[in-house]
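Q: I have never read a protein model before, and I would like to go through one feature by feature. Could we begin with charged side chains that pair up?

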Amino acid sequence: MTKLWLSALVLAVMATGVHAQDARYANADDNAHYGWADVLRADPVQGVTRTEVPRQECYEQPVVRREGGNSTAGTVLGAVIGGVLGNTVGKGDGRKAATVAGAVAGGAVGNRVSNRGGEYETTQTQCREVSSVSEQRRIIGYDVEYRYRGEVYTSRLNYDPGERLRVRVRVDPAD
C-alpha cells in the first residue's frame, strides 16, 4: 500500500512540473497562441542622457598690495636715534634741550617713514564654480521589423531579438 501511495505522489509531482513548464506559454486569453516570426531588421534607438557637471575654474589675477610698517616701532626708533644725535650736539643745559628736540624730531620722522611702506604687485588665485553639461548617448531600444505568415509588422523592443522573434497571435471576431 505504501508503494502505491509513493508512486502516486511521484506521478503527481511530475505532472505538476510539466504543468508548470507549460504555464509560461499559457494565457488567460484562450484565443491566443504563439508562433515565430522572421526578423527583417532591428535598428537601435539612441537616447541622450544629459548630466550637469559642476567644476571649479581657477585663474591668477594681478593685485597691488601695500606694505605698511609698524608706526609705533618706527616712532620709538626715530625718537631714540634723534635723541642720541641731539645729545651729541649741545653742552650743558643746551644738551638736554637738543636731546629732547632730537627725540621729538626723530620720532616724527620715524613715524612718517614707517607709515609710508611700499607697494608691490603680485598675483592672487581666484576660483569660481561653473557647470558644464555632459551628454551621453546610449541604446534605449530597437525598432524591429519582422514578417509573420507573409505580413510585415513593426514594434519597438527593449532588446535585440536576433534572427527570430517569438510572437503572440490573438484571434478575435471582426463583428
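Q: Which residue forms a salt bridge with D43, and how far apart are the closest N and O atoms?
A: A salt bridge is read from a side-chain nitrogen of Lys or Arg lying within 4 Å of a carboxyl oxygen of Asp or Glu. In this structure, which is a predicted model, D43 pairs with R41, and their closest N and O atoms are 2.1 Å apart.

Q: Are D43 and R41 buried or exposed?
A: The answer falls between those words, since partly exposed is the class between under 20% and over 50% relative accessible area. D43 is partly exposed with a relative accessible area of 31%, and R41 is partly exposed as well, with 41%.

Q: How many salt bridges does the structure hold?
A: There are seven salt bridges in the structure. One of them joins E135 to R50, with the closest N and O atoms 2.7 Å apart.

Q: Which parts of the chain does the pair of E135 and R50 tie together?
A: To answer this, one looks up the element that holds each partner. E135 lies in strand β2 and R50 in strand β1, which covers residues 32-67, so this salt bridge ties together parts that are 85 residues apart in sequence. As for their surroundings, E135 is partly exposed, with a relative accessible area of 46%, whereas R50 is exposed, with a relative accessible area of 60%.

Q: Where else do side chains meet in a salt bridge, and how far is it from N to O?
A: Another case is R128 with E57, whose side chains meet in a salt bridge at 2.7 Å, N to O. Here R128 belongs to strand β2 and E57 to strand β1, so the pair ties together parts that are 71 residues apart in sequence. R128 counts as partly exposed at 46% relative accessibility, and E57 is also partly exposed, with a relative accessible area of 27%.

Q: Which residues are joined into one network by salt bridges that share partners?
A: When salt bridges have a partner in common, they can be followed from one to the next, and in this model they join R41, D43 and E145 into one network.

Q: How should I read the overall pattern that the chain follows along the sequence?
A: One lists the helices and strands in order. The chain has three helices and four strands, and read along the sequence it follows the pattern α-β-α-α-β-β-β. Among contacts between residues at least 6 apart in sequence, 80% join residues at least 24 apart.

Q: Where is V45 found, and what does V45 touch?
A: V45 is found in strand β1, and with a relative accessible area of 12% V45 is buried. Leaving out residues up to four places away in sequence, V45 touches R138, I139, I140, G141, Y142, D143 and R156. The C-alpha atoms of V45 and G141 are separated by 5.2 Å, although these two residues are 96 residues apart along the chain.

Q: What share of the residues of the chain counts as buried?
A: Of the 175 residues of the chain, 18% count as buried. The accessible surface of the chain comes to about 14000 Å², and 53% of that belongs to carbon and sulfur atoms.

Q: Which residues form a nonpolar patch on the surface?
A: V76, V80 and V84 form such a patch, with about 260 Å² of accessible area together. Of these, V76 lies in helix α2, residues 71-89.

Q: How much space lies in the largest pocket, and which strand supplies the largest share of its lining?
A: Rolling a probe the size of a water molecule over the atoms shows where empty space is left. In this model about 170 Å³ of space lies in the largest pocket, and the largest share of its lining, five residues, comes from β4. β2, β3 and β4 each supply at least two residues of the lining, and among the lining residues are Y146, Y153 and L165.

Q: What is notable about the phi of R149?
A: Most residues other than glycine have a negative phi. R149 has a positive phi of about 50 degrees although it is not a glycine. R149 is placed in the loop between β2 and β3, and at 72% relative accessibility R149 counts as exposed.

Notes. Residues numbered from 1 in each chain as written. Predicted model: local features only at pLDDT ≥ 70, side-chain atom pairs only at ≥ 80, totals over all residues. Heavy atoms only, no water. Buried < 20%, exposed > 50% of the residue type's maximum accessible area, 1.4 Å probe, protein only. Patch = residues over 30% accessible without salt bridge, like charges linked within 9 Å, V, L, I, M, F, W, Y side chains within 5 Å. Areas by Shrake-Rupley, 256 points an atom, 1.4 Å probe, with all protein chains shown as cover. Contact = heavy atoms within 4.5 Å. 1 Å grid on protein atoms, 1.4 Å probe; cavity = no way out; pocket = protein on both sides within 12 Å on 5 of 7 lines; lining within 4 Å. Points joined across faces, edges and corners; volume = space filled by probe spheres on them.
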